[in-house]
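Me: Could you go through this one with me? I'd like to start with the overall layout and then get to the sheets.

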Protein chains: 2
Amino acid sequence: MDVTIKDIALATGFSTATVSRVLTNKEGYFSKNTAHKVHKVAKELGYKKNMAAMELVTRRSDVIAVIINSTKTNFADSIVAGIQKRASELGNTIIILYTRDRDEVVQRQAIITALERPVAGILLLSVDIAPQNVELLKSSNTPFYFVSIAFRDASLPCISSDDHSVGYMATKYLLDRGHRRIGLAGLDLNNSYTGQLRLDGYRSAMAEKEIVVSDEWIHAGDFSHESGIEAMQAYASQSPLPITAVIAGSDLVAIGLLNQAQKLGITVPEQLSVVSIDGTVLCDYVHPSLTSVTQDFYHMGYVSLGRLLEHDHEMSFTSSRIVERDSVAELR
Amino acid sequence: MDVTIKDIALATGFSTATVSRVLTNKEGYFSKNTAHKVHKVAKELGYKKNMAAMELVTRRSDVIAVIINSTKTNFADSIVAGIQKRASELGNTIIILYTRDRDEVVQRQAIITALERPVAGILLLSVDIAPQNVELLKSSNTPFYFVSIAFRDASLPCISSDDHSVGYMATKYLLDRGHRRIGLAGLDLNNSYTGQLRLDGYRSAMAEKEIVVSDEWIHAGDFSHESGIEAMQAYASQSPLPITAVIAGSDLVAIGLLNQAQKLGITVPEQLSVVSIDGTVLCDYVHPSLTSVTQDFYHMGYVSLGRLLEHDHEMSFTSSRIVERDSVAELR
DNA sequence: CTGAAAGCGCTTACAG
DNA sequence: CTGAAAGCGCTTACAG
């Protein structure tokens, strides 16, 4: 029922070859006049290209597969928005697939689904990939690129924030404002390289001031709101508080800290300063608004697509910066 | 380079026809033994189906195109998560395309991109579609279904909350707690049928109590945080406040109201009660937490995919309910 | 600048 | 239960 190039060929008197050349804009292979006629008839007939046929013969497409780790984060949107923006500029279509951390089978399934079509490339958002699946990816000859995650294995191309620097910046910011007993809450320290790097950054900054970090200052978690609540409960179990400031592993953690502090009658920033990591729009929505190390997620997504398509195998960082809001007090 | 069914045919000694039948599981067309051999070799060779070829010949696929209105909302995620969940149960892959409200050209572009492949169906999230594009959709013979939006034109299949009821419920809830001067803030009343319906629901509930609604109680907007701020500024320009309670057109509006009230020294809920519409996770994150008419976005997404695939052309509603939190005071 | 023809990898009546 | 063959809609060397 659908209109094909054969119909256009028939209607114009040209061969399908010529019609195809015009429609794919193979410069130099047709006259202006031919092109004009073909386009006119194509429009009249309501022609739509059959992508399946095109992908079959060219073995390539403009489809980008984006595999997203569906573990609760609130910044994946921004990254996807950035990817989407770049994709629309470049004429790419996006397929989205979801997977879960540490679930090798679901990960593999998502990758295979992506590879079943001739995708132009695969972007993996915050996907902490299993080693076997790295092999699958590498053997596919399809370009891939990790976004918002970094790996010890430097052969994996990725773009993320410099998480060591993120941890360092947050800590330094608080040190500069007179804080010495600084907590760190809600980071995943078991499974997450990101968490490790931020912790290292924190330790570096503390070491520069020759501060001995007490174990009770650090409460690991999983970057969730819940982790923030738990950490605050733990801190508040001592009176007075063991810390004067705390760095939250994510905005959600920061909000958990805030809500629990509120519940316990601890005032922020008067009794406890909070610096959040991420800096999503949530920081402006809560009270007090959260001073944060803000990551540039949108840009991360925007840039990643270009890198992927240029077969750039470098590992690279997007910048992050302190955005001052109302959750930090200066200690005199 | 990729393994094809021809390779499997060669390796097993069967024809490509038989291999194809096994791989597509055409029951009754092959013996158990044949199936076993084929599957074994397919696995050994690392065979991946070429979807482009399959889509070309069958003229169908398991791809669902989801077209999302990228206007700032914070609930599209939940809907997509629901769709995604159902899609993974049903074996569908999702393509995501973005468009904008009232931009007929971008809308059309997204629809055409979807129709360039033999998609199983098209889901349109909060897309207020232009009439010409409705024609395009209808003439495509591809099933489509609108999600989280309803239309005056009852011929458009859709699933959403019952927005008249949403407006009514929110108002009734406040009336039951003794409020009479009730504001309505941040709804889009010019372009949005949803906004109109909620306003009608509000008016119905007020009329039941024979309350004459004052114009100054209603501040239209565009469902954004900014709209909430503006509305609160307008209310606070009178002293005392003209209202004792306000219904926010969305969670973002509610948060805008909250933040601006805080800034102006108006306490919630003591001086002003707030009921939010949407009930996303944000309601728990802010202080005071927001009592809301909570929509079931996840379920909306989950259900929509089934409806789409069953060619259900009914217009239907998902339920919404009041979730009580801390932003409403009872008036004695 | 244009056309005839082969072929991409698969599915499916048709025949046995 | 299986195979030979046609065909899905397009692109692209090859030849002119």
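Reply: Below are some notes on the domains and the sheets, and please keep in mind that this is a predicted model.

Me: OK, what domains is chain A divided into?
Reply: Chain A is split into domain 1, covering 5-49, domain 2, covering 59-160, and domain 3, which is made up of 163-295 + 319-323. Between the C-alpha centres of domain 1 and domain 2 of chain A there are 36 Å.

Me: And which strands make up the open sheet of 12 strands?
Reply: Both chains contribute, since the order reads E11(A)-E5(A)-E4(A)-E3(A)-E1(A)-E2(A)-E2(B)-E1(B)-E3(B)-E4(B)-E5(B)-E11(B), and the pairing is mixed. Its edges are strand E11 (316-318) of chain A and strand E11 (316-318) of chain B, each of which pairs on one side only.

Me: Which helix lies across E2 of both chains?
Reply: That is helix H6 (residues 104-115) of chain B, which lies across strand E2 (93-99) of chain A as well as E1, E2 and E3 of chain B, and runs at about 160° to E2(B).

Me: Switching to the 6-strand sheet in chain A, what is its order?
Reply: The strands of this open sheet follow the order E7-E6-E8-E9-E10-E12, with mixed pairing, and strand E7 (218-219) and strand E12 (320-323) of chain A are the edge strands.

Me: How do E9 and E10 of chain A run, parallel or antiparallel?
Reply: They run parallel, with 4 bridges joining strand E9 (residues 273-278) to strand E10 (residues 291-295) in chain A, and A:Asp278 has A:Thr294 in E10(A) as its bridge partner.

Note on methods
Residues numbered from 1 in each chain as written. Chains lettered and ligands numbered in written order. Predicted model: local features only at pLDDT ≥ 70, side-chain atom pairs only at ≥ 80, totals over all residues. Domains from an automatic or database assignment. Pairing = 2+ DSSP bridges. Helix = DSSP H or I, 4+ residues; strand = E, 2+ residues; numbered from the N terminus. Contact = placed C-beta atoms within 7 Å. Axes fitted to C-alpha atoms, helices over the stretch in contact; angles between N-to-C directions.
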